[in-house]
Structures are given as structure tokens and as C-alpha cells.
Amino acid sequence: MKKKDLDKYEKLLLAKRAELLEELGLLQKSGQSTLKDAAGEISSYSTHMADQGTDSFEREKSFQLASKSGRFLHHIDEALLRIKDKTYGKCQECGKQISTARLEAVPHARFCIQCKEKEEIRKAQQSR
Ligand SMILES: [Zn+2]
């Protein structure tokens, strides 16, 4: 993949990454809050919740969201690493180039559409 294209996908990934961090509460839209501030808020919040001993359902829900977003963040970070070592855009299953359309829709894609479909079928069969 050309340097110019790698740069383009890197930008896409970094934008998605910023979005996710915002969702996880690690990055404030205002740009004024620091990471330290956010952590302070989280710790005082959880102390408060522990005192009350209620709303555990609400807390579980937010943890689920955090873990889902956390996994997504991990995939994005891995894709950024692949951009750095120039293996980005190659299917990790068959080694073929992943289509541009697919990378634009899913910039953190690890597999080409054919391998992804095979994976989906395999997963569906396992869960039966
Ligand atoms: Zn493939």
C-alpha cells in the first residue's frame, strides 16, 4: 500500500479512536479536561455509588459499554500498529489485499470480505 493511502487510513483510525475515547469518557469534547480530571471524576463517582449500594444495573450497563468500546479500541490500536509496520490492508487469513471500499467502511478490518464471511459462518455454527 502506498504511503499516501496509509496516511489516509491512519487519519480515519485516529478519528475513530478519538470518538471512542470520548465515548469512554477519557477525552472531553471541550478539550479543557485532562485525563487526570476524568480519572478523578470516575473515582469519586464509584465511591459515591458504593456508599449508596444501589443502581448496580446501571453500573453493569456502563461496564458493558466500556468493554465493548474497549475491545473496539484495541482493534483500532492494532490497525495503527499495522500501518506503522506497513502490513496494513492485508488479510491476516489469506494474505490478499483487502478492498479499498471495505477498508474505508471498516478501517480496522483484519480480514478480506471472503475470509470474514467464512469466519461469520464458522461462528454461527459454533453458537448453535
Ligand atoms: Zn482473506
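Here a biologist and a modeller talk through a predicted model.

Biologist: What makes the site of the zinc ion tetrahedral?

Modeller: Four donors count as tetrahedral if all angles lie between 85 and 135 degrees. Here the angles among the four donor atoms are 104 to 115°, so the site fits that definition.

Biologist: Which atoms coordinate the zinc ion?

Modeller: The SG atoms of Cys91, Cys94, Cys112 and Cys115, at 2.3 Å. Donors have to be within 2.8 Å of the metal, so those sulfurs qualify. Along the chain, the donors are spaced C-x2-C-x17-C-x2-C.

Biologist: What makes Cys91 and Cys115 a pair that ties parts together?

Modeller: Cys91 sits in the loop between α3 and α4, whereas Cys115 belongs to helix α5, so the two link parts that are 24 residues apart in sequence. Both Cys91 and Cys115 are buried. Cys91 is also in contact with Cys115, and with Ile98 and Phe111 among others.

Biologist: How do you know that α1 reaches about as far as expected?

Modeller: The expected span is 1.5 Å times one less than the number of residues. For the 21 residues of α1 that gives 30 Å, and the helix reaches 30 Å from its first C-alpha to its last.

Biologist: Why are the buried residues of α1 said to be on the same side?

Modeller: In α1, the buried ones are Leu6, Tyr9, Leu13, Leu20 and Leu21. They cover an arc of only 115° around the axis, so they share a side of α1. Over on the other side, Lys4, Lys11 and Glu19 are exposed.

Biologist: Which residues have the most contacts inside the largest nonpolar core?

Modeller: Leu13, Ile83, Tyr88, Cys91 and Leu103, in a core of 18 residues. α1 and α3 each give two or more residues to this core.

Terms used:
Residues numbered from 1 in each chain as written. Predicted model: local features only at pLDDT ≥ 70, side-chain atom pairs only at ≥ 80, totals over all residues. Heavy atoms only, no water. Core = buried A, V, L, I, M, F, W, Y, C linked by side-chain atoms within 4.5 Å. Buried < 20%, exposed > 50% of the residue type's maximum accessible area, 1.4 Å probe, protein only. Helix = DSSP H or I, 4+ residues; strand = E, 2+ residues; numbered from the N terminus. Contact = heavy atoms within 4.5 Å. Donors = N, O, S within 2.8 Å, 3.2 Å for Na, K, Ca; no water. Tetrahedral: all angles 85-135°; square planar, octahedral: opposite > 155°, others 65-115°. Arc of directions from axis to C-beta. Lists of a residue's contacts leave out its neighbours within four places in sequence.
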